[in-house]
Amino acid sequence: MLICKAPTRKQQELHLLTRHARWPAGEIHRGAATWLASGITLEEAQVALLIDVKKLGRRPTDAQKLAIARHRDRLQGQIDEFVRVAVTFLGDQLDEYDKLDLMTMMLDAAELDSAGSSSDDPDRPDDEDRYDTPVKFTPETLVIPLPSNIGIERCTKWGVADLVLQEISLREGQANDALHAIRVNLADKAVLFCTTVWSAKSQARSTRAWAQVHSVDKILHLNVQMYSKCRSQLVHLSADDLLAKLQPLEKADLNATTVVADPNARSQRNSTLAWFWSIDVQGDSTSNDWMNEFYRVHWLRTLALRDRWAEELLLVGQEMIWTVDFFLHKSQRWVGRMQEANANQKQAQDSFERTKGMARVAE
């Protein structure tokens, strides 16, 4: 378990900007960290917009259409500004690179089919009820010219290999931010179940309680998608060391735990937290009192589980010794019985021979 606080994306950007001030201008692209951070923010906005578009039914209202249109227009303006500045860092080769156009529609499948996009979302429509009106203006599916999308080999060819390392650093902070948000969302769900859902005594209170749970689920779903996108970009950047730590999220990892409310509940004796709960214990504990209590209870449960396993290990070893001793004791008893039976049999045979001899003499 890590005791040091995991770096956030803002901390990683600040570290890169501070490092730039000490490096010669020719060895690193100054200002690239802020530009890359803005591109990552645009990707997160694309993921959020994709989720909103997918939640639309077949017959959305004019207000919903207008909200999506405004969101797309604002996002397209931000992307245009980002691409305009990209030439400053990537050079004129970007205008000749048309591979990004072939990747335009990759985000639809990649972002919405990963862990966390389950059918448990109450606001998610069925596939046959989705809003399928064709539109040509879809900035949420555009691929932003980041090193992770361009490729390591081409970045090296263009002389911007340092941008790859900077993006990896920012992606690490982005993943830490997303995992922190996921942990907070799961803890919030546990609190809602313990304090609101289970204590609801009427239909109205139960409905309002579940509405709060679904609201947290929406935010959780968004953060899971952002983490999945971040990890897929780290795969493109060949950040193997980070990928060994940042594992894929499974649906079972996103279950809310209610151990804090009822530590003596059944079927929780051997339950443990998912892998991402141990990444930033210090950061979670200092930012939220409830998270501090959450970690305290689970730490005590894990300590008790470890002590129970240590006791079981000691007992199993002793039980093996006791079992061997028991069988040795039984074997000695049966050997003694065999010897006793042999002695009795010999005595009986001698008596029979004497009786037979006496009978012969009597005849």
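Which residue follows helix 3, and what is the sign of its phi? Helix 3 is followed by Gly91. The phi of Gly91 is positive, near 85 degrees. This value, like those below, comes from a predicted model.

The overall architecture is helical. The protein contains 13 helices and zero strands. From the N terminus on, the order of elements is α-α-α-α-α-α-α-α-α-α-α-α-α. The chain has 363 residues, and 38% of them count as buried.

Helix 3 has 29 residues. The distance from its first C-alpha to its last is 41 Å. That is close to the 42 Å expected at 1.5 Å a residue. The buried residues of helix 3 are Ile68, Arg72, Leu75, Gln76, Ile79, Phe82, Ala86, Phe89 and Leu90. Arg72 and Gln76 are thus among the buried residues of this helix.

Helix 2 was examined in the same way. At 1.5 Å a residue, its 23 residues should span 33 Å. The end C-alpha atoms are 33 Å apart, so the span agrees with expectation. Of the 23 residues of helix 2, 18 are buried. Helix 2 is therefore largely enclosed by the rest of the structure.

Aromatic contacts come next. A search of the whole structure finds three aromatic pairs. Trp35 and Phe89 form one that is stacked, with 5.1 Å centre to centre and 25 degrees between the planes. This pair links distant parts of the chain. Trp35 belongs to helix 2 (residues 32–54) and Phe89 to helix 3 (residues 62–90), 54 residues apart. Trp35 is buried because its relative accessible area, 5%, is under 20%. Phe89 has a relative accessibility of 11% and also counts as buried. The pair of Phe326 and Phe327 is edge-to-face. Their rings are 5.6 Å centre to centre, with 70 degrees between the planes. Phe326 counts as partly exposed, at 45% relative accessibility. Phe327 counts as exposed, at 55%, because the cut-off for exposed is over 50%.

Trp35 and Phe89 also belong to a cluster. Together with Phe82, they form one aromatic cluster. Phe82 is listed among the buried residues of helix 3. A further ring contact involves a charge. The charged end of Arg337 sits over the ring of Trp334, 4.8 Å from its centre.

Charged side chains pair as well. The count comes to eight salt bridges. One of them joins Glu44 and Arg9, at 3.6 Å from N to O. This pair links distant parts of the chain, with Glu44 in helix 2 and Arg9 in helix 1 (residues 9–22), 35 residues apart. Both Glu44 and Arg9 are buried.

Another salt bridge lies within a single helix. Glu167 and Arg171 are both in helix 9 (residues 161–197). They are four residues apart, about one turn of the helix. Their closest N and O atoms are 3.1 Å apart. Glu167 is buried, and Arg171 is buried too. These two residues are also linked with Glu43 in a network of salt bridges.

Helix 9 contributes to a further salt bridge, between Glu172 and Lys245. The closest N and O atoms of that pair are 3.7 Å apart. Glu172 lies in helix 9 and Lys245 in helix 11 (residues 240–245), so the pair ties together parts that are 73 residues apart in sequence. The two partners fall into separate accessibility classes. Glu172 counts as buried, at 19% relative accessibility. Lys245 counts as partly exposed, at 31%.

The surface was also searched for nonpolar patches. Leu315, Ile321 and Trp322 make one of about 290 Å². Leu315 is found in helix 13 (residues 289–362). Its relative accessibility is 32%, so Leu315 counts as partly exposed.

Notes. Residues numbered from 1 in each chain as written. Predicted model: local features only at pLDDT ≥ 70, side-chain atom pairs only at ≥ 80, totals over all residues. Heavy atoms only, no water. Phe/Tyr/Trp six-rings, centres within 6.5 Å; stacked < 30°, edge-to-face > 60°. Helix = DSSP H or I, 4+ residues; strand = E, 2+ residues; numbered from the N terminus. Buried < 20%, exposed > 50% of the residue type's maximum accessible area, 1.4 Å probe, protein only. Lys NZ or Arg CZ within 6 Å of the ring centre and 35° of its normal. Expected span 1.5 Å × (residues − 1). Patch = residues over 30% accessible without salt bridge, like charges linked within 9 Å, V, L, I, M, F, W, Y side chains within 5 Å. Areas by Shrake-Rupley, 256 points an atom, 1.4 Å probe, with all protein chains shown as cover. Salt bridge = Lys/Arg side-chain N within 4 Å of Asp/Glu carboxyl O.
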